[in-house]
Amino acid sequence: MSIDLNEPLVRQIAEGDHNAFRNLYKAYKSHTFKFAMHMLHDVEEAENIVHDLFAKIWDNRKKIRPDQNFKSFLFTCLRNMILDHLKREQRNQSAFKYYLLETNKKEESIAQKEEKYKLIQLALNKLSDKRRDIIYMCFVDGKSYQEIADIHAISKNTVKNQLVKAKQFLRSHLASQLRLSQN
């Protein structure tokens, strides 16, 4: 099922019309899922990204321009979300490899290292997307505060504050978690 999203329908969605949005979802759910599967090769991740895409569309419905090609806009958003996801996954893998290299210097079993890594990932996942992204950009990608500020369109001081708060959270959360896992 494909519908022509003309200006009146986009305007209805912008005004908060749930039925218009439901029609949009029905029209594009399978197409967006197929596209996500093609890029991700993972059913669960594809479903999650498609869900997040439509949630984002609804949350930002007032910013959508009725005069633009909506299908092109939708798939561009989806592609960008998938690329961001893949970038995060690559960062996670890089961080894990780095962690394994660093901890190889210590007398720990692979199982202990994997357990610590899982605890770190869980703690990182509890951060907001923005703070987690700033942590990765700074410590994994090696970007400067100014580069991160430019990417997120925030001030350099905001980047510093976000890093401080994220590190404080990680320290406190991981300290208690690592103590529990060692008992």
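This briefing walks through the fold, two of the helices, the charged side chains and one contact in the structure above. The model is a predicted one. Its secondary structure comes to 8 helices and 0 strands, and buried residues make up 34% of the 183 residues in the protein. If you care about electrostatics, there is 1 salt bridge in the whole structure, and there is also a patch of negative charge on the surface.

**Overall fold**
- Reading from the N terminus, the order of elements is α-α-α-α-α-α-α-α.
- The count behind that order is 8 helices, with 0 strands.

**Helix H3 (residues 43-59)**
- Two residues to look at here are Ala46, which lies in helix H3, and Glu47, which is found in helix H3 too.
- Ala46 has 0% relative accessibility and therefore counts as buried, since the cut-off for buried is under 20%.
- Glu47 has 46% relative accessibility, so this residue counts as partly exposed; that class covers values between the 20% limit for buried and the 50% limit for exposed.
- Ala46 also pairs up in space with Phe33: their C-alpha atoms are 6.1 Å apart, while 13 residues separate them in sequence.

**Negative patch on the surface**
- Glu47 gathers with Asp42, Glu44 and Glu89 in a patch of negative charge on the surface.

**Helix H5 (residues 110-125)**
- Helix H5 has 16 residues, and at 1.5 Å a residue these should span 22 Å.
- The end C-alpha atoms of H5 are 22 Å apart, which agrees with that expected span.
- Buried residues in H5 are Lys113, Lys116, Tyr117, Leu119, Gln121, Ala123 and Leu124.
- Charged side chains appear in that list as well, including Lys113 and Lys116.

**The salt bridge in helix H6 (residues 129-139)**
- Asp129 forms a salt bridge with Arg132, and the closest N and O atoms are 2.3 Å apart.
- The two partners sit 3 residues apart in helix H6, so Asp129 and Arg132 are separated by about one helical turn.
- An α-helix has 3.6 residues a turn, so residues three or four places apart point the same way.
- Asp129 counts as exposed because its relative accessibility is 58%, and the cut-off for exposed is over 50%.
- Arg132 is buried, with a relative accessible area of 11%, which falls under the 20% cut-off.
- Taken together, the salt bridge joins Asp129 and Arg132, with Asp129 exposed and Arg132 buried.

Notes. Residues numbered from 1 in each chain as written. Predicted model: local features only at pLDDT ≥ 70, side-chain atom pairs only at ≥ 80, totals over all residues. Heavy atoms only, no water. Patch = residues over 30% accessible without salt bridge, like charges linked within 9 Å, V, L, I, M, F, W, Y side chains within 5 Å. Areas by Shrake-Rupley, 256 points an atom, 1.4 Å probe, with all protein chains shown as cover. Salt bridge = Lys/Arg side-chain N within 4 Å of Asp/Glu carboxyl O. Lys, Arg positive; Asp, Glu negative; His and termini not counted. Charge placed at Lys NZ, Arg CZ, Asp CG, Glu CD. Helix = DSSP H or I, 4+ residues; strand = E, 2+ residues; numbered from the N terminus. Buried < 20%, exposed > 50% of the residue type's maximum accessible area, 1.4 Å probe, protein only. Expected span 1.5 Å × (residues − 1).
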